[in-house]
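Trainee: Could you take one part of this model and go through it closely with me? I'd like to see how that part meets the rest of the chain, and how far I can trust what I see.

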Amino acid sequence: MMHQMRAETGPDGATDSVVSWHIVRNADLTALCGKTLSTAAPVQDATRWTLDPDRNCHTCGALFLREAPYFPDEHTD
Ligand SMILES: [Zn+2]
């Protein structure tokens, strides 16, 4: 299963007004936490989830960790 980060944007929908990042499966517009996101919202690879954790959706983070047991760049064994 592929995951992507999809942004929740501000009230005006501007793509540079990212409020927080959620996780979606594949190309879904519904985040793991149940929030519906815009097709116009920025997306980025799920491997970037750890880069700016202050803006991540906590619910998505918890559910994502259950679906993706480890982050590839943290798997150093
Ligand atoms: Zn979320």
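**The helix and what it rests on**

Mentor: Happy to! Let's start from one side chain and work outwards. Setting aside residues up to four places away in sequence, Phe 64 touches four residues: His 3, Ile 23, Leu 32 and Trp 49. Phe 64 itself belongs to helix α1, and please keep in mind throughout that this is a predicted model.

Is Phe 64 buried or exposed? Phe 64 counts as buried because 23 C-beta neighbours lie inside 10 Å, and the cut-off for that class is 20 or more. One of its contacts, Ile 23, is 41 residues away along the chain, yet the two C-alpha atoms are separated by 7.0 Å.

Now look at Cys 60, which also sits in helix α1. Cys 60 has 24 other C-beta atoms within 10 Å, so this residue is buried as well. With neighbours within four places in sequence left aside, Cys 60 is in contact with His 22, Ile 23, Ala 31, Leu 32 and Cys 33. Ile 23 and Leu 32 therefore appear in the contact lists of both Cys 60 and Phe 64. For another check on the fold around Cys 60, take Lys 35: the two residues are 25 apart in sequence, and 9.7 Å lies between their C-alpha atoms.

What do these two helix residues belong to? Both Cys 60 and Phe 64 are part of the largest nonpolar core, a set of twelve residues. The other members are Met 5, Ala 7, Trp 21, Ile 23, Val 24, Ala 31, Leu 32, Ala 46, Trp 49 and Cys 57. At least two residues of this core come from each of β1, β2 and α1, the helix spanning 58–67. Strand β2 gives the largest share, with three residues. Trp 21 is a good core member to follow by eye: beyond four places in sequence, this residue touches Met 5, Ala 7, Arg 55, Asn 56 and Cys 57. Met 5, Ala 7 and Cys 57 from that list are core residues too.

With the core in view, step back to the whole chain. The chain holds one helix and three strands, and from the N terminus the order is β-β-β-α. The strands make an open, antiparallel sheet in the order β2-β1-β3. At the edges are β2 (18–25) and β3 (43–45), each pairing on one side only. From one strand to the next, the twist averages 30°. Strand β1 and β2 are joined antiparallel through seven bridges, and one position to find there is Thr 9, which stands opposite Val 18. On the β3 side, three bridges connect β1 (residues 3–9) to its antiparallel partner, including the bridge between Gln 4 and Asp 45. For general background, strands of a sheet pair through backbone hydrogen bonds.

Follow β2 towards its end and you reach Arg 25. Arg 25 counts as partly exposed, because its C-beta has 15 neighbours inside 10 Å, a value between the limits of 12 and 20. Outside the four nearest places in sequence, Arg 25 is in contact with Met 1 and His 3. His 3 also touches Phe 64, which links this stretch of β2 back to where we began. Arg 25 also lies 9.9 Å from Glu 67, C-alpha to C-alpha, although 42 residues separate the pair in sequence.

The next residue is worth a look for its backbone. Asn 26 has a positive phi of about 50°, even though this residue is not a glycine. Asn 26 belongs to the loop between β2 and β3. With 8 other C-beta atoms within 10 Å, Asn 26 is exposed.

Two chain totals help to frame this picture. Of the 77 residues in the chain, 18% are buried. Among contacts between residues at least 6 apart in sequence, 59% join residues at least 24 apart.

As for trust, the mean pLDDT of the chain is 87, and 84% of residues reach 70 or more. Among the elements, β2 has the highest mean, 95, and α1 the lowest, 93. Where pLDDT is low, the predicted coordinates should not be read in detail.

Conventions. Residues are numbered from 1 along each chain as its sequence is written. This is a predicted model: local features need pLDDT of at least 70, side-chain atom pairs count only at pLDDT 80 or more; totals for chains, interfaces and linings use all residues. Helices (H or I, at least four residues) and strands (E, at least two) are DSSP runs, numbered from the N terminus. Two residues are in contact if their C-beta atoms, placed from the backbone, lie within 7 Å. Two strands pair if DSSP finds at least two bridges between them. Axes are lines fitted to C-alpha atoms, for helices over the stretch in contact, and angles run from 0 to 180 degrees between N-to-C directions. A nonpolar core is a set of buried Ala, Val, Leu, Ile, Met, Phe, Trp, Tyr and Cys residues joined through C-beta atoms within 7 Å. pLDDT is the predictor's confidence in each residue, from 0 to 100.
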